[in-house]
Amino acid sequence: MVAALGCTEDFDPTAVGNEPEVTGSEKILLIPEGAAAGRLAVRVSPEMAEQIEAAQTRSGTTRSGIAAIDEGLESIEASSFSRLFVDPLFEADLREAGLHLWYKVSFSEESDLRRAAQVLARAEEISVVEYMHH
């Protein structure tokens, strides 16, 4: 599961800052118009990222290992849930920048993108949902 940093399709890493406490659809960044179908980026807390990494290491699953997030992933029939930024040579830099907290969710391109974003935003453990634009 290695993704080159150049494959982020205009992902906005400036959104990695300290966002204010928000809930529900207020967690959703950018607009769905022009967004890539079947893909969303989500940000989790450092504590959640540790739990996800441990769960994925043990099971090799495409789920998070966190019940509330996995319920959302099941609801949208997600086909994968993996780190958005992965580069073994620069792992320390990615972590220092907080980029290890971002995950890419993939699901059917036929699915309603707005609904998928809203479903994932309901999970308390997800702090940000971002539409991925081309």
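Two strands are taken to pair if DSSP finds at least two bridges between them. The views below show a predicted model.

**View 1. The open sheet and its strand order.** Five strands make up an open sheet with mixed pairing, arranged in the order β1-β5-β2-β4-β3. The edges are occupied by β1 (28–29) and β3 (80–83); each has a single partner strand, so one side of each is left without a neighbour in the sheet. Strands of a sheet pair through backbone hydrogen bonds, in either the parallel or the antiparallel sense.

**View 2. Strand β4 between β2 and β3.** Strand β4 (residues 102–106) runs antiparallel to β2 (residues 35–44), to which 5 bridges join it. Within this pairing, Val42 is placed opposite Tyr103, and Leu40 has Val105 as its bridge partner. The pairing of β4 with β3 is likewise antiparallel and comprises 4 bridges; here Ser82 is the bridge partner of Lys104. Strand β4 is mostly covered, with 4 of its 5 residues buried.

**View 3. Helix α4 across the sheet.** Helix α4 (residues 113–121) lies across β1, β2, β4 and β5 (126–133), and runs at about 10° to β2. Its buried residues are Leu113, Ala116, Ala117, Val119, Leu120 and Ala121. These buried residues pack against β1, β2, β4 and β5, and also against α2 (67–75).

**View 4. The N-terminal cap of α4.** The N-terminal end of helix α4 is capped by Asp112. A side-chain oxygen of Asp112 lies 2.9 Å from the backbone nitrogen of Arg114.

**View 5. The largest nonpolar core.** This core contains 28 residues, of which Leu40, Ile69, Val105, Leu120 and Val129 touch the most other members. At least two residues of the core are supplied by each of β2, α1 (46–59), α2, β4, α4 and β5. Helix α4 contributes the largest share, 6 residues. Separate from this core is a second one of 8 residues, which includes Leu99, Trp102, Val128 and Met132.

**View 6. The surroundings of Val105.** Residues up to four places away in sequence are not counted here. Val105 touches Gly38, Arg39, Leu40 and Val42, and the contacts also include Leu73, Ile76 and Ala78. Ser80, Phe81 and Leu120 are touched by Val105 as well. Among these contacts, Leu40 is also the bridge partner of Val105, and both Leu40 and Leu120 belong, with Val105, to the residues that touch the most other members of the largest nonpolar core.

Definitions and conventions: Residues numbered from 1 in each chain as written. Predicted model: local features only at pLDDT ≥ 70, side-chain atom pairs only at ≥ 80, totals over all residues. Heavy atoms only, no water. Contact = heavy atoms within 4.5 Å. Axes fitted to C-alpha atoms, helices over the stretch in contact; angles between N-to-C directions. Buried < 20%, exposed > 50% of the residue type's maximum accessible area, 1.4 Å probe, protein only. Polar contact = N/O pair within 3.5 Å; in protein donor to acceptor, adjacent residues only side chain to side chain. Core = buried A, V, L, I, M, F, W, Y, C linked by side-chain atoms within 4.5 Å.
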